[in-house]
Amino acid sequence: MPTPTPPAYALVATDLDGTLLRPDNTVSARSRAALALAASRGARHLIVTGRPVPGIRALLADLAYSGPVVCGQGTQLYDAESARLLRSVTLDREAADTALGKIEAEVGAVFAAVDQDGVDGVTLIENGYRMPNPTLPAVRVDSRDALWERPVIKVLVRHPELGDDALTAVARAAVGDLASVTMAGPGTVELAPYGVDKGTGIAAAAELLGIGAERTVAFGDMPNDLPMFRRSGHRVAMGNAHDELRAAADEVTSTNAEDGVAAVLERLFG
């Protein structure tokens, strides 16, 4: 009996918000079936998300997901099966506070939030900060100093007037090498440890799994997915993706509301 031909892609790397998740924060039956199809052909699913570990555990359980997960914009490599962190990179809190000051020197007052380190880390938000995704839990604090009481993996920044693209550009120029700056979604400009991003995260996970970049198909929707695209053999932007990501993609699928991930997986593995 002939040996089955292995699939061209051995790793399916998906962002969550705006990509695998539908607008109601669920994974559709069609997407679940498409991921199961890819798995039946020998491909591994790797979630690569800006959410910290506490923000995805319920979803991992719902998907019966096992294996590594890239969380917190590449700052955390989490093992879903053992429920432990395999790697974590924190953002220097003094540098983060200095970075916020440099941004405010350019554009005036901003509102900040932080994701704490650890599998039980809390998202803290200062007064005036509004969570882009209200379904994710957060704890309000009375002062900015309270944001730095425990180690953090990243800082989220909002401006009362500037749009995301403008704030990202200003922050990147002002912050320099104090932190990596990225746009992760509507109303979500983030500061992470310098040199740490979804690209370094997916590289660490792929090495752990023994899968080369050329055998990875990646799906995303925002500029924070660009480093992941650079580490992948085939890059798919969602129909709802930011223009920067669409320009870097090998193909553009339909939107997350239309199960764009599933449509491509059905073609590749069907």
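Colleague: Is His-234 buried or exposed in this model?
Modeller: The model is predicted. His-234 belongs to strand S13, residues 234-237. Buried means under 20% relative accessible area. His-234 has 14%, so the residue counts as buried.

Colleague: Which residues does His-234 touch, not counting those up to four places away in sequence?
Modeller: One partner is Val-217, 17 residues apart from His-234 along the chain. Their C-alpha atoms are separated by 4.6 Å. The full set of contacts is Tyr-9, Thr-216, Val-217, Ala-218, Asp-250, Glu-251 and Arg-267.

Colleague: Is Glu-214 buried or exposed?
Modeller: Glu-214 sits in the loop between helix H6 (198-209) and S12. The cut-off for exposed is over 50%. Glu-214 has 56% relative accessibility, so the call is exposed.

Colleague: What does Glu-214 contact, leaving aside its neighbours within four places in sequence?
Modeller: Take Arg-231 for distance: 17 residues apart from Glu-214 in sequence, and 8.1 Å apart C-alpha to C-alpha. Contact needs heavy atoms within 4.5 Å. The residues in contact with Glu-214 are Tyr-9 and Gly-233.

Colleague: Which residues touch the most other members of the largest nonpolar core?
Modeller: Nonpolar side chains tend to be buried together in soluble globular proteins. Here the largest nonpolar core holds 50 residues. Those touching the most other members are Val-12, Leu-46, Leu-60, Tyr-65, Val-69, Phe-219 and Leu-265.

Colleague: Which helix gives the most to this core?
Modeller: The helix spans residues 260-269 and gives five residues to the core. Its buried residues are Gly-260, Val-261, Ala-262, Val-264, Leu-265 and Phe-269. The helix is H9.

Colleague: What do the buried residues of H9 pack against?
Modeller: Helices and strands both take part. The helices are H1 (16-20) and H2 (29-40). The strands are S1 (11-14), S12 (216-220), S13 and S14 (251-252).

Colleague: Which residues of H9 does Phe-219 touch?
Modeller: Phe-219 touches Val-12, Ala-13, Thr-14, Asp-15 and Thr-19, among others. Its contacts also include Met-228, Phe-229 and Val-236. From H9 come Val-261, Val-264 and Leu-265.

Colleague: How many residues are in the other core?
Modeller: This core lies apart from the largest one. Among its members are Leu-100, Ile-103, Ala-112 and Val-181. The count is 23 residues.

Colleague: Is Gln-73 buried or exposed?
Modeller: Gln-73 lies in the loop between strand S3 (68-71) and strand S4 (76-79). Its phi is positive, about 65°, although Gln-73 is not a glycine. The relative accessible area is 3%, so Gln-73 is buried.

Colleague: What relative accessible area does Asn-25 have?
Modeller: Asn-25 is placed in the loop between H1 and H2. Asn-25 is not a glycine, yet has a positive phi of about 70°. Asn-25 is partly exposed, at 27%.

Colleague: What radius of gyration does the protein have?
Modeller: The protein has nine helices and 14 strands. Its C-alpha atoms fill a box of roughly 70 × 35 × 30 Å along the principal axes. For 270 residues, a compact globule would have a radius of gyration near 18 Å. The protein agrees, with 18 Å.

Colleague: How far apart are the centres of the positive and negative side chains?
Modeller: The accessible surface comes to about 11500 Å², with 51% from carbon and sulfur atoms. The protein has 25 positive and 35 negative side chains. The centres of the two sets lie apart by 5 Å.

Conventions
Residues numbered from 1 in each chain as written. Predicted model: local features only at pLDDT ≥ 70, side-chain atom pairs only at ≥ 80, totals over all residues. Heavy atoms only, no water. Core = buried A, V, L, I, M, F, W, Y, C linked by side-chain atoms within 4.5 Å. Buried < 20%, exposed > 50% of the residue type's maximum accessible area, 1.4 Å probe, protein only. Helix = DSSP H or I, 4+ residues; strand = E, 2+ residues; numbered from the N terminus. Rg over C-alpha atoms; globule rule 2.2 N^0.38 Å. Areas by Shrake-Rupley, 256 points an atom, 1.4 Å probe, with all protein chains shown as cover. Lys, Arg positive; Asp, Glu negative; His and termini not counted. Charge placed at Lys NZ, Arg CZ, Asp CG, Glu CD.
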